[in-house]
Amino acid sequence: MRKVENMNQEKTALEYMQTWIHRLLIRKRKLLGLFIWIFLMAGMFQVSCKKSESIISPKAKQDIQEARSWFTKEVVQKEKDFLQLKKWTGTKDSVARLFARMAKLEKVVDWQLAKNFSHNEWNFVVAPVDELESAFANKKFLRGRALVIHTNPEGVRDLTIVEVLAKPGTTMDLIQLVHAGFLNRHQLASERVGNQNAELLFYDRGYRHEMSRRLVNGAWESSNYMLRIKVGAASRSRMMASFSQSTSCSNCSTWYLVGFFYDMQTGKVDDYSILTQWEECTTKELDPSYGDGGSSGDNKNCIDECVEDASDLSSEGKEVSQTVSIRKIQYDQMRKEVLLKWKVLQGLTWSVYSYEKGMIRLTGLNPTTWVWESLTHERMGVEGFSIAGSIEVENDMGIPSFTPGTKNVRYAGMEVTYTMVFTPVCGNCGGLDKVIGPIKKSYKASALWIAAP
């Protein structure tokens, strides 16, 4: 009997343990199921959040599509119609024909990234063209660009093109920057934009410059900056200050995209930077489409621009007297030939140099003494370039400070007189440079050199 009772007790304990293990497994399955359910819900929530971020509302999608359609029909098509007309020989709209910028913009606008905005009854779509990281040939400047198709409170729709220039290393949202700049340009808002520094240039639907605004540490202020497309004649002999001159042809038109800083009161150019350049004679399609090409304006404006170019050419030169190099070549046991190069006139991107040749003689060893035997003027030349026209030297003459044969001349000097000939290119003014003619100005400079070995 006792054996049977023990067996029954063992059976009961075993059944109890099996029941406990079964319940534990059920609980673990439920807990595991709960964890799996929470994980799946979190994943679904994350995916749904990502989808909601990329979803564009039907109203916004419609606004962007309408803006795109308007740009194609109202702006691009009208340019194409213009290009089908008889080729103009005059200057008005010649640059618009040459660059056909709206047709180019149509190909590179990223409508997928476009965004629509509303502010004080203004509705506008901002569509990016070029990324901010894109650089000009001049690596000191980054560029960005966007179209702003806007409708004012009166229901009038129009196009503004915004060009952005920033320094390397700048990181910003191009669309948000253009959005903030557009609001500031129309005095709708003036909020700070982080600590950014950039130039924003605004153009109308004909790609004519309207105004510029500047960001300085995130704050908006007026800007005296503008971009212009200039044309000049290429030359094999011209030395380029910043870029290597192409020699793909012997007779080319070199185009420059130039950033100008100018006096907002007088309009006088204070400084400029070459952003990029290209040649008309190459097979490359004329580019870039940045900057105001001067595609509009009557002949009077063209004449004014030509006169301005000539004036800038003739007024930017500053007289200097700076020795650049002294080269001595052994002539015999007692004499050395001296070749001198010194700067006499300094422009923004060009300089005028004078070249002299002389002879020095050793006359004493204790102490070592050298004297000048002779000094003559060789020539003068221009190095660098100017986008406003050509620069040449004529009628240069040098007068040494002593007569050859004079004894004990320790210091020798040279006084040069010369005439600078400034010939404006006049851009697209169609031969006005021949009417206005070159501007001539006379200069004088002097320098002194010691007879040293």
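The following exchange goes through some salt bridges in a predicted model.

Colleague: How many salt bridges does a search of the whole structure find?

Modeller: The search finds 14 of them.

Colleague: Why is the pair Glu-74 and Arg-205 called a salt bridge?

Modeller: The cut-off is a Lys or Arg side-chain nitrogen within 4 Å of a carboxyl oxygen of Asp or Glu. For Glu-74 and Arg-205 the N to O distance is 3.1 Å, so the pair meets the definition.

Colleague: What parts does the pair of Glu-74 and Arg-205 tie together?

Modeller: Glu-74 belongs to helix α2 (residues 58-83), while Arg-205 sits in the loop between β5 (198-203) and β6 (209-216), so the bridge links parts 131 residues apart in sequence.

Colleague: Asp-204 and Arg-208 also meet in a salt bridge. Is Asp-204 buried or exposed?

Modeller: Buried means under 20% relative accessible area. Asp-204 has 17%, so Asp-204 is buried.

Colleague: What makes Arg-208 partly exposed?

Modeller: Partly exposed lies between under 20% and over 50%. Arg-208 has a relative accessible area of 30%, so the term applies.

Colleague: How do you know that Glu-221 and Arg-214 form a salt bridge?

Modeller: Their closest N and O atoms are 3.9 Å apart. The limit is 4 Å, so the pair counts.

Colleague: Why is Arg-214 called buried?

Modeller: Its relative accessible area is 16%, and buried means under 20%, so Arg-214 qualifies. Its partner Glu-221 is partly exposed, at 35%.

Colleague: Which residues do salt bridges with shared partners join into one network?

Modeller: Glu-74, Lys-78, Asp-158 and Arg-205 are joined in this way.

Conventions
Residues are numbered from 1 along each chain as its sequence is written. This is a predicted model: local features need pLDDT of at least 70, side-chain atom pairs count only at pLDDT 80 or more; totals for chains, interfaces and linings use all residues. Side-chain values use heavy atoms; hydrogens and water are left out. Helices (H or I, at least four residues) and strands (E, at least two) are DSSP runs, numbered from the N terminus. Buried means under 20% relative accessible area, exposed over 50%, partly exposed in between (1.4 Å probe, protein chains only).
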